[in-house]
Amino acid sequence: MKQEISRDNIIQLAIFTAVCIWSVINPHDIATWIMESLPALIAVILLALTYKKFRFTGFLYWCILLHCIILFIGAHYTYARVPLFDYLRDVFSMSRNNYDKLGHLAQGFFPALVVRELLLRTSPLKKGKWLFFIVTCICLAVSAFYEFIEWWAAVIIGGAADDFLGTQGYVWDTQSDMFLAFAGAILAQLIFSRYQDKQISGLNN
């Protein structure tokens with residue numbers, strides 16, 4: 001049966017395109033923009049290529065879009081210079097701009113829902129403790145691999161990778177990034193598992 005593009009998907013693609021265009025216009029650093037936005041660009045290409053064979057739930061597409069917007073904002077300003085979080089830093093007397101921490105929380109939160117839906121719909125795994133555990137482990141592994149990428153970028157590019165790394169002098173930046181992704185994966189499953197299950201069930205009706 002031919003899969004028609006839904007109205008929501010058209011709206012989502014339009015929003016994605018608009019935010020991407022805004023993000024790439026006069027970014028703080030174009031090399032950083034490329035590195036930070038690449039996951040979002042790869043994601044939309046993969047979703048487009050697999051759309052006819054495998055369509056995610058409508059809820060999940062909105063989640064993916066929100067994650068992409070977070071990535072594009074960080075790519076435009078760099079994660080250490082997002083204006084709203086500069087304001088929050090000053091108001092609450094924080095030592096750093098914490099937008100990168102939001103980014104790493106999202107790095108666990110939204111992928112957890114993607115992984116969960118993929119496993120439920122394409123593997124023998126069923127809802128329960130093992131699914132929860134495996135989804136969390138996969139997200140933590142992805143976060144750790146991303147930290148590897150940051151490490152390799154620092155080794156290859158040197159000081160020019162500072163904006164990409166966004167450590168802002170915080171000695172425990174790597175560990176806290178992985179912990180936030182871990183926490184995000186757990187939170188996503190605790191908050192949205194039941195709703196996601198209903199969305200998946202609706203695909204079969």
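This passage describes the pockets, two helix contacts and several individual residues of a predicted model.

The largest pocket has a volume of about 1000 Å³. Its lining is formed by 37 residues, and those closest to the centre of the pocket are Pro 39, His 67, Leu 71, Pro 111 and Val 142. Five elements each give two or more residues to this lining, namely helix H2 (30-50), helix H3 (58-77), helix H5 (99-122), helix H6 (129-157) and helix H7 (162-165). The most is given by H2, which supplies 10 residues. By class, the lining of the largest pocket contains 27 nonpolar, 6 polar and 4 charged residues.

The second largest pocket holds about 380 Å³ of space. Its lining consists of 18 residues, and Asn 9, Leu 13, Val 44, Leu 47 and Tyr 61 are those nearest the centre of the pocket. At least two residues of this lining come from each of helix H1 (7-24), H2 and H3. In terms of class, 14 residues of the lining of the second largest pocket are nonpolar, 3 are polar and 1 is charged. Helices H2 and H3 thus appear among the contributors to the largest pocket and also among those to the second largest pocket.

Helix H3 also takes part in two helix contacts, one with H8 and one with H1. The axes of H3 and helix H8 (residues 173-203) come within 8 Å and cross at roughly 130°. H3 is therefore oblique to H8. On the side of H3, the contact is made by Gly 58, Phe 59 and Leu 60, while H8 contributes Phe 192, Tyr 195, Gln 196 and Gln 199. This contact of H3 with H8 comprises 4 nonpolar and 3 polar residues, with no charged residues.

In the contact between H1 and H3, the helices pack at an angle of about 5°, and their axes are 9 Å apart. Because angles under 35 degrees count as roughly parallel, H1 is described as roughly parallel to H3. The residues of H1 that meet H3 include Asp 8, Asn 9, Ile 11, Gln 12 and Ile 15, and their partners in H3 include Gly 58, Tyr 61, Trp 62, Leu 65 and Cys 68. Further along, Phe 16, Val 19, Cys 20, Trp 22 and Ser 23 in H1 also belong to this contact, as do Ile 69, Phe 72, Ile 73, Ala 75, His 76 and Tyr 77 in H3. The contact of H1 with H3 is made up of 15 nonpolar, 5 polar and 1 charged residues. Gly 58 of H3 is named in the contact with H8 and also in the contact with H1.

Two loop residues have a positive phi although neither is glycine. Thr 78, in the loop between H3 and helix H4 (83-91), has a phi near 80°. Thr 78 has a relative accessible area of 1% and is therefore buried. Ser 93, in the loop between H4 and H5, has a phi near 55°. In contrast to the buried Thr 78, Ser 93 is exposed, with a relative accessible area of 65%.

Finally, Ile 30 is found in helix H2. Ile 30 has a relative accessible area of 47% and is therefore partly exposed. Along the chain, Ile 30 and Tyr 99 are 69 residues apart, and their C-alpha atoms are separated by 19 Å.

How values were computed:
Residues numbered from 1 in each chain as written. Predicted model: local features only at pLDDT ≥ 70, side-chain atom pairs only at ≥ 80, totals over all residues. Heavy atoms only, no water. 1 Å grid on protein atoms, 1.4 Å probe; cavity = no way out; pocket = protein on both sides within 12 Å on 5 of 7 lines; lining within 4 Å. Points joined across faces, edges and corners; volume = space filled by probe spheres on them. Helix = DSSP H or I, 4+ residues; strand = E, 2+ residues; numbered from the N terminus. Nonpolar A, V, L, I, M, F, W, Y, C, P; charged D, E, K, R; others polar. Axes fitted to C-alpha atoms, helices over the stretch in contact; angles between N-to-C directions. Parallel < 35°, antiparallel > 145°, perpendicular 65-115°, else oblique. Contact = heavy atoms within 4.5 Å. Buried < 20%, exposed > 50% of the residue type's maximum accessible area, 1.4 Å probe, protein only.
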